[in-house]
Amino acid sequence: MTSRYPLKVRAVEWVNGKVRWINTNLLPYEEVYEESADYERIARAIEAMEIRGAPAIGVAAALAIAATAFNSPANSVDQLRDVILKAIDRLRRTRPTAHNLFWALDRIKRVSLEQHLDLEEYRKAVVDEALRIYREDVETNIRIGEVGDRIIDDGDVILTHCNAGALATAAFGTALAIIRVAWYRGKRISVIATETRPVLQGARLTVWELVKEGIPVKLITDSMVGYVMYKGLVNKVIVGADRILRDGHVVNKIGTYVLAIAARRHGVPFYVAAPTSTFDLNSTVASIVIEERNPEEVRRILGKIPITVENVEVLNFSFDVTPPELVSGIVTERGIIEPPLNVNINRVIGGSKSA
Ligand code: MRU
């Protein structure tokens, strides 16, 4: 794929009928690429967060189905459809919160349920749809970067949380796409990255990506957020999203909500960057599932060094919900959605096939 910006990191790719991904659990210590055509292996990679970040999860799931279709020994349309529907079902059960997963699998399912008279034509239709999802993700992220560039001023210090970068998408990122485009266009910006306990996506992944780009970055612990804003060290906050509801509630990495509260308290604009595939126009705050992960993630640093009393009870919510009144705007590939979000999300996204 060619691009008008350098794509230095490709988190998920399609290579000769297989899915190739960078194992984000091993970063920044080792840059290891995994490859598989087995949807079960890819489902486990999503569960274990080798592949993580809402758009990357969606793309990987779509490509896992493509690899299944591409390599299947099935000798009839019905046989192949059975295998594909089983794979879709398995992948839907990997992680519950990122909307892009369900959006991508629903797109593949729609194609799969169309009438196909010929096995090879059916196989190709599934692979083509998955590759479209993959390519659209890269193009969409570049658009988010270009659209979002207008919120960035020369000299800005931008605080970001978790990793909404290339490593959370097929390439280029969402929040980090805005930072990349501003940087490529010559704005003298810098970034403050939160470490993002307990999986440390900020410390391990965001810092790794920004250092690779040469974009200045300072790492802070999550609990420093209020003080750095109090000190006037932050001009803007930009985060990604796992799911955005019709009324403007933003579901994102745990810690986003307190970040938004601190930003409002200190008059710092709080932006969300996300593709339209992250918008869920059908759910309510009460009906969404916030993933709760293994308590060991909190009890040990990166599954290794214990930091507390063995078996202490733990709460490990992986995401939280930021209410619309704390959000200054949502940068999408279709433009910036400004408050009131409940009105403007409907206007920009409502009724489209993306959501
Ligand atoms: O648990 P993760 O690492 O999958 O969570 C990722 C996030 O919360 C990101 O901010 C979100 O998926 C947006 S990524 C472009």
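Q: Which of the 18 residues around the ligand come nearest?
A: In this predicted model, the residues that come nearest to the ligand are Ala-54, Arg-95, Asp-242, Asn-252 and Lys-253, out of the 18 around the ligand.

Q: What makes the approach of Ala-54 to the ligand a polar contact?
A: A polar contact requires a pair of N or O atoms within 3.5 Å. A polar backbone atom of Ala-54 is 2.9 Å from an oxygen atom of the ligand, so the pair satisfies the cut-off of 3.5 Å.

Q: Which atoms of Arg-95 and Gln-201 lie at a polar-contact distance from the ligand?
A: For Arg-95, a polar side-chain atom lies 2.8 Å from an oxygen atom of the ligand. For Gln-201, a polar side-chain atom lies 2.9 Å from an oxygen atom of the ligand. Both pairs count as polar contacts because the limit is 3.5 Å.

Q: Why are H2 and H5 called roughly antiparallel?
A: The axes of helix H2 (residues 54-71) and H5 cross at roughly 160 degrees and come within 8 Å. Angles over 145 degrees count as roughly antiparallel, and H2 and H5 are therefore roughly antiparallel to each other. Their crossing is left-handed.

Q: Which residues of H2 and H5 meet, and what is the class make-up of the contact?
A: From H2, Pro-55, Val-59, Ala-62, Leu-63, Ile-65, Ala-66, Ala-69 and Phe-70 take part; from H5, Arg-123, Val-126, Val-127, Ala-130, Leu-131, Ile-133, Tyr-134 and Asp-137 do. By class, this contact of H2 with H5 comprises 14 nonpolar, no polar and two charged residues.

Q: Why are H5 and H6 called oblique?
A: Helix H5 (residues 119-148) and helix H6 (residues 175-184) have axes that cross at roughly 60 degrees and come within 7 Å. Roughly parallel requires an angle under 35 degrees, and roughly perpendicular requires 65 to 115 degrees. The angle of roughly 60 degrees fits neither range, and H5 and H6 are therefore oblique to each other. H5 passes H6 in a right-handed crossing.

Q: Which residues of H5 meet H6, and how is the contact divided by class?
A: In H5, Asn-141, Ile-144, Gly-145, Glu-146 and Gly-148 meet Ala-177, Ile-178 and Val-181 in H6. By class, the contact of H5 with H6 has four nonpolar residues, three polar and one charged.

Q: How do you know that H3 and H4 are roughly antiparallel?
A: The axes of helix H3 (residues 77-92) and helix H4 (residues 99-113) come within 10 Å, and the crossing angle is roughly 170 degrees. The threshold for roughly antiparallel is over 145 degrees, so H3 and H4 are roughly antiparallel to each other. Residues in this contact include Ile-84, Leu-85 and Ile-88 of H3, and Leu-101, Phe-102 and Leu-105 of H4. By class, the contact of H3 with H4 has nine nonpolar, one polar and four charged residues.

Q: What is omega for the cis peptide bond that joins Arg-197 and Pro-198?
A: For this cis bond, omega is about 0 degrees. Pro-198 is found in the loop between strand S5 (190-194) and helix H7 (201-213).

Q: What is omega for the cis peptide bond from Pro-339 to Pro-340?
A: Here omega is near 0 degrees. Pro-340 has its place in the loop between strand S16 (335-337) and helix H11 (341-348).

Q: What is the phi of Leu-302, and where is Leu-302 found?
A: Leu-302 is not a glycine, although its phi is positive, at about 45 degrees. Leu-302 is found in the loop between strand S12 (300-301) and strand S13 (305-306).

Technical notes: Residues numbered from 1 in each chain as written. Predicted model: local features only at pLDDT ≥ 70, side-chain atom pairs only at ≥ 80, totals over all residues. Heavy atoms only, no water. Axes fitted to C-alpha atoms, helices over the stretch in contact; angles between N-to-C directions. Helix = DSSP H or I, 4+ residues; strand = E, 2+ residues; numbered from the N terminus. Left-handed = near helix turned anticlockwise from the far one by under 90°. Contact = heavy atoms within 4.5 Å. Nonpolar A, V, L, I, M, F, W, Y, C, P; charged D, E, K, R; others polar. Near = heavy atom within 4 Å. Polar contact = N/O pair within 3.5 Å; in protein donor to acceptor, adjacent residues only side chain to side chain.
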